[in-house]
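Reader: I am new to this, and I would like to learn how to read a protein model step by step. Could you walk me through it?

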Amino acid sequence: MSERIPFVEIAAPRSTAKPVDSGIHTRSFKGLYRNLRIVFAGSLFVLFFGTAWLDWNGRQAVLWDLSNSKFHIFGATFWPQDFILLSAVLIICAFGLFAITVYAGRVWCGYSCPQSTWTWLFMWCEKVTEGDRNQRIKLATAPWSLAKAARRTLKHSLWMAIGVLTGLTFVGYFTPIRPLAAELFTLQLGGTALFWVLFFTAATYINAGWLREAVCLHMCPYARFQSVMFDKDTLAVAYDPRRGEARGARKKGAEARAQGLGDCIDCTLCMQVCPTGIDIRDGLQMACIGCAACIDACDGVMDKMGYPRGLIGYKSEHSLQGGTTHWLRPRLLGYACALVVMLGALVVALQVRPMVSLDVIKDRGLFRENALGQIENIYLLKIINKTEQTQRYRLRLDDAEGFALQGPDELIVPAGEMSEVPVSVALLAERPTSSSQALSFVVQDSDEPEVRSVAQSRFVAPMNR
């Protein structure tokens, strides 16, 4: 007979919170971390909503011009050939997120993640229209009435207005926002732009208004793999059970230790302010987004009770066990070094980025014979001026003895634009040395010869001519 696997029965965590309904109703609170979150959220809103309306040299400062396949960001214009730089930026952001996670857990989620930021904004709309936590709970369980319908209508109207502004602004980074807004508010917007404005309006309304913590718990992959980046020195929002237990209510000024109690008075305010509805006293949990709302609420209670702050705070596993947090450790230093190297490489890449680009497309026809009896190949040259000034360029062949470039040898390209120039290359020799020979096309700035670009192609000719 096989042996039974031993097990230890663990009692479920004790919680005194009373369920109110299927939703999470957060309580208003004040504190240092709330103020920090407002600063970060305000900065994000100003950056997101404000940047789209900035102008630069007569055009929108930040615009991903999909129709012309170029991206304007203030004084720089990037083309599809430069998208490797965008990949580098995304990789750097990922490493930055990993580094901050190793150091301080999910502070990105709690302070700067768009899902969290817009959710806090929608929760503020709830407070304005339906009242604080207790009032919202009563309203949720109350039968429908004219007053309830009016409050709910006002709340959803604010949500929808924020959703429309968010959708309009997001699409405004891909389509010039001024004509887009004029067409939207005059009900003349149609086609693809209207679809995407409505799509992101609905996404904002549903994610921040209805799904909320479900996005963090079930849709965001970051919550799933963050644990592999934590170590015993990572700072995370945590409750100190050595100081807080045993929990229990008591009068202000009463000696808790004399009653066999810890500093936690079991008021459950830490649960009432939590946007994901968890009890931080149960330990580190995947649902915790590191917003520190529970820290602010608990610190306020500690102040009123005359106890020192920090019962809940940013703590490492080592500090919770009575040890010392190690600030400089191999994993964190590794991420920091990688970030410095990648940022340096990105700066260098931006500095040496060629400000003129040349692409050569050979005509599908193999070759032809011109009026002089010479073999010709036809090419289309695409010259991109990546600067913010109109430039004059010269065209030539490099190390192409026996070939002649026929077409304009100089052209003017406006700032941030692309010019397409058809040219032909003639073989001057009577008989080619090979049926396929390499050619190097060169475009060079007339005023700054060091600004140049080279593109390769092939010259095809018959051998039995």
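**A buried threonine and its surroundings**

Author: Gladly! This is a predicted model, and we can start with one residue: Thr169 has a relative accessibility of 4%, so Thr169 counts as buried, the cut-off being under 20%.

Reader: Where does Thr169 lie in the secondary structure?

Author: Thr169 is part of helix α6.

Reader: Which residues is Thr169 in contact with, leaving aside its neighbours within four places in sequence?

Author: A contact means heavy atoms within 4.5 Å. With those neighbours set aside, Thr169 is in contact with Phe48, Phe49, Ala52 and Ile177.

Reader: Which residues does the UniProt annotation "transmembrane region" cover?

Author: According to the UniProt record, an unreviewed entry, that annotation covers residues 36–54, 83–104, 158–175, 187–208 and 332–352. We can look at two of these spans in the model. Residues 36–54 are 84% helix and 0% strand, and their end C-alpha atoms lie 26 Å apart. For residues 83–104 the span is 100% helix and 0% strand, with 31 Å between the end C-alpha atoms.

Reader: Now a loop, please. Is Ala142 buried, partly exposed or exposed?

Author: Buried means under 20% relative accessible area and exposed means over 50%, with partly exposed in between. Ala142 has a relative accessible area of 28%, so Ala142 is partly exposed. Ala142 sits in the loop between α5 (133–141) and α6 (146–172).

Reader: How far apart are Ala142 and Thr117, in sequence and in space?

Author: They are 25 residues apart in sequence, and their C-alpha atoms are 29 Å apart in space.

Reader: What should I look for in the backbone itself?

Author: Look for exceptions to a general habit: most residues other than glycine have a negative phi, and most peptide bonds are trans. Asn57 is not a glycine, yet Asn57 has a positive phi of about 55 degrees. Asn57 lies in the loop between β1 (55–56) and β2 (59–60), and with 62% relative accessibility Asn57 counts as exposed.

Reader: And what is the phi of Ala292?

Author: Ala292 is a residue other than glycine with a positive phi, near 70 degrees. Ala292 is in the loop between α12 and α13 (293–305). At 2% relative accessibility, Ala292 counts as buried.

Reader: Which peptide bond is cis?

Author: The peptide bond from Glu245 to Ala246 is cis, and its omega is near 0 degrees. Ala246 belongs to the loop between α11 (241–244) and α12 (269–272).

Reader: Let us step back to the whole protein. How many helices and strands are there?

Author: The secondary structure comes to 15 helices and 16 strands. The radius of gyration is 32 Å, well over the 23 Å that the globule rule gives for 465 residues, so the protein is more spread out than a compact globule. Along the principal axes, the C-alpha atoms fill a box of roughly 110 × 60 × 60 Å.

Reader: What percentage of the residues is buried?

Author: Buried residues are 42% of the 465 residues. As for contacts with a separation of 6 or more, 66% are between residues 24 or more positions apart.

Reader: What about surface and charge?

Author: The accessible surface is about 25,700 Å², and 63% of that surface belongs to carbon and sulfur atoms. The protein has 48 positive and 41 negative charges, and the mean positions of the two groups are 12 Å apart.

Note on methods. Residues numbered from 1 in each chain as written. Predicted model: local features only at pLDDT ≥ 70, side-chain atom pairs only at ≥ 80, totals over all residues. Heavy atoms only, no water. Helix = DSSP H or I, 4+ residues; strand = E, 2+ residues; numbered from the N terminus. Rg over C-alpha atoms; globule rule 2.2 N^0.38 Å. Buried < 20%, exposed > 50% of the residue type's maximum accessible area, 1.4 Å probe, protein only. Areas by Shrake-Rupley, 256 points an atom, 1.4 Å probe, with all protein chains shown as cover. Lys, Arg positive; Asp, Glu negative; His and termini not counted. Charge placed at Lys NZ, Arg CZ, Asp CG, Glu CD. UniProt positions renumbered as here; feature names shortened; annotations may be inferred.
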